[in-house]
Each structure stands twice: as C-alpha cells, then as structure tokens.
Amino acid sequence: MTYTTVVVGTDGSETAQAAVLQAAQLAAADHGTVVVVSAYEPAAEPAANPDRLPDDIRWMLTDVAQAEGLAAKGREVAREQGASRVIVRAEKGDPATAILEVAEEFDAELIVVGSKGLGSPAHFLLGSVASRVAHHAPCDVLVVQTDRPAAGSRGK
C-alpha cells in the first residue's frame, strides 16, 4: 500500500520526533505529502516548570506561536528524511482531536503517532493520544513505539 498523504502530530518530545521521522520516511518513499500537526491550548498563566509536567498534559501550555514553532521543527526533520512536500499546521484543541480533524481534512491514508507505552498514570487519567487516534481514525494508524530499545541495541 502506498501513502500519498501522511499526518503526524508533534509536541516537540522525543516520542513525537520519532513519529515525525517515521512519517517522513514513509511519505518520502511514496513521493507523498507529510502534514505535521501541533496542537495548542493557551494557558491562562504559564507553569513555573513546564519541563517537569507529564508529556500527556504539557501540550496544554503551548500557545499558537509555540505550536507553529514545533510544527516548523517537524517540517525540518521531515525534509531531512527526504520528504519534499511538507505542510505544517498549528491547531487549537487537544492533540488527538487536532490530528483526527487534519487527517479528515487532507483525506490522509495514514496517521503516525508516537507512544511511550500505556502504563503511565497520566494515560489512565487523561487517555492516550495514540489510543484515541487509533480508535477514531478515518484511515490507517501507525503507532511508533518509543519506550523500548531500538532494533539492534536489545540486550546490550
């Protein structure tokens, strides 16, 4: 199967970067388009130490300028992987909804999301973006596992 339009979400985390890499490689292989989505929900007051917050809720502290910056970084990563057609979107709202809406808008054949696994306490409270996307996607979904060693480094 070929994927001419691949949507990927990013919040700037290592998990999201791995998803962007994979999405870009798949789109480049089929001379397709990558749509990089970054969600934002402006916070009334910035957190004192946002780096200490769980990844599942850190996105809530992002404003539109930060979201656009994260999406632009995703574009750079995608282009480095050989994707020639890259679109970036900063979308207001929660990440899963933003990714799903953009996938429908672009009639995507694939959504790529990163996952650190489903064991975190935040998953039970807030739900996993990967899980929500997988359950509601209008197309194929690839969940890039980032909580285990890379191939070739297992057991070392």
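Here, a residue counts as buried if its relative accessible area is under 20%. Keep that cut-off in mind for the views below, which are taken from a predicted model.

**View 1. Strand S2, a mostly covered strand.** With 8 of its 8 residues buried, S2 is mostly covered. Follow its side chains and you'll see two sets: Thr 33, Val 35, Val 37 and Ala 39 point one way, while Val 34, Val 36, Ser 38 and Tyr 40 point the other way. Both sets are buried.

**View 2. The open sheet, strand by strand.** Five strands line up here in the order S3-S2-S1-S4-S5, and the pairing is parallel. At the edges stand S3 (85–92) and S5 (140–145); each has a single partner strand, so one side of each lacks a neighbour in the sheet. Going from one strand to the next, the twist averages 25°. As a general reminder, strands of a sheet pair through backbone hydrogen bonds.

**View 3. S2 and its two partners.** On one side, S2 (residues 33–40) runs parallel to S1 (residues 5–9), and 5 bridges join the two. Two of the pairs to look for are Thr 5 with its bridge partner Thr 33, and Val 6, which stands opposite Val 34. S2 also runs parallel to S3, this time with 8 bridges. There, Tyr 40 of S2 sits opposite Lys 92 in S3.

**View 4. Helices H1 and H3 against the sheet.** Strands S1 and S2 are joined by 5 bridges, and two helices that pack on the sheet both touch S2. H1 (residues 14–29) touches S1, S2, S4 (110–115) and S5, and its direction makes about 150° with that of S4. H3 (residues 64–80) touches S2 and S3, with its direction at about 160° to that of S3.

**View 5. From S1 to S2 by way of H1.** Start at Thr 5, whose bridge partner in S2 is Thr 33. To get from S1 to S2, the chain passes through H1, and this β-α-β crossover is right-handed.

**View 6. A closer look at Ser 38.** This serine lies in strand S2. Is Ser 38 buried or exposed? Its relative accessible area is 1%, and the cut-off for buried is under 20%, so Ser 38 is buried. A polar atom of the Ser 38 side chain lies 3.5 Å from the backbone oxygen of Ala 67. Leaving out residues up to four places away in sequence, Ser 38 touches Thr 10, Ala 67, Leu 70, Ala 71, Arg 89, Ala 90 and Glu 91.

Notes. Residues are numbered from 1 along each chain as its sequence is written. This is a predicted model: local features need pLDDT of at least 70, side-chain atom pairs count only at pLDDT 80 or more; totals for chains, interfaces and linings use all residues. Side-chain values use heavy atoms; hydrogens and water are left out. Two strands pair if DSSP finds at least two bridges between them. Helices (H or I, at least four residues) and strands (E, at least two) are DSSP runs, numbered from the N terminus. Axes are lines fitted to C-alpha atoms, for helices over the stretch in contact, and angles run from 0 to 180 degrees between N-to-C directions. Contact means heavy atoms within 4.5 Å. Buried means under 20% relative accessible area, exposed over 50%, partly exposed in between (1.4 Å probe, protein chains only). A crossover is right-handed if, with the strands pointing away from the viewer, the path from the first strand over the helix to the second runs clockwise. A polar contact is a pair of N or O atoms within 3.5 Å; within protein, one must be able to donate a hydrogen and the other to accept it, and residues adjacent in sequence count only if both atoms are side-chain atoms.
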